[in-house]
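Me: Could you take a close look at one helix for me and tell me how it sits in the chain?

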Amino acid sequence: MIELQITVKDPQGIHARPAGRITSALLGYESFVTLWKGEKDYDVKKLLSFMGSELKCGEQVVIRVEGPDEEKCAEAVKQLFDENL
């Protein structure tokens, strides 16, 4: 399992277009990708779950990546969040 600390940089926080881009890109990986916000977790590979996190600008969250391709998937997660959120 790989854990990443992510800070949301987009002034609007999470919204449909970037969330959709992130979710779509991660569907090509076998690993599970879970966003932890406080004690609650969200499946990043399911758009409605991911959008339900209601991320705001400046929030710090933990992303856990676990599975057979977790290293490549974690790299993609970091890049996708940097570019989209």
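Reply: Happy to; let's start with the outward side of H3, where the face turned away from the buried side carries the exposed residues Glu71, Lys72, Glu75 and Glu83. Here buried means under 20% relative accessible area and exposed over 50%, with partly exposed in between (1.4 Å probe, protein chains only). Helices (H or I, at least four residues) and strands (E, at least two) are DSSP runs, numbered from the N terminus.

A word on the source: this is a predicted model, in which local features need pLDDT of at least 70, side-chain atom pairs count only at pLDDT 80 or more, and totals for chains, interfaces and linings use all residues. Residues are numbered from 1 along each chain as its sequence is written, and side-chain values use heavy atoms, with hydrogens and water left out.

On the other side, the buried residues of H3 are Glu70, Cys73, Ala74, Ala76, Val77, Leu80, Phe81 and Asn84. They lie on the same side of H3 because they cover an arc of only 160° around the axis, counted from the directions from the helix axis to the C-beta atoms. Their cover includes strands S1 (2-7), S2 (32-37) and S4 (60-66), along with helices H1 (16-26) and H2 (47-51).

As for its length, H3 spans residues 70-84, 15 residues in total, and reaches 20 Å from its first C-alpha to its last, close to the 21 Å expected at 1.5 Å a residue; that expected span is 1.5 Å times one less than the number of residues.

Stepping back, the protein chain has three helices and four strands, in the pattern β-α-β-β-α-β-α along the sequence. Of its 85 residues, 42% count as buried.

Key
Contact means heavy atoms within 4.5 Å.
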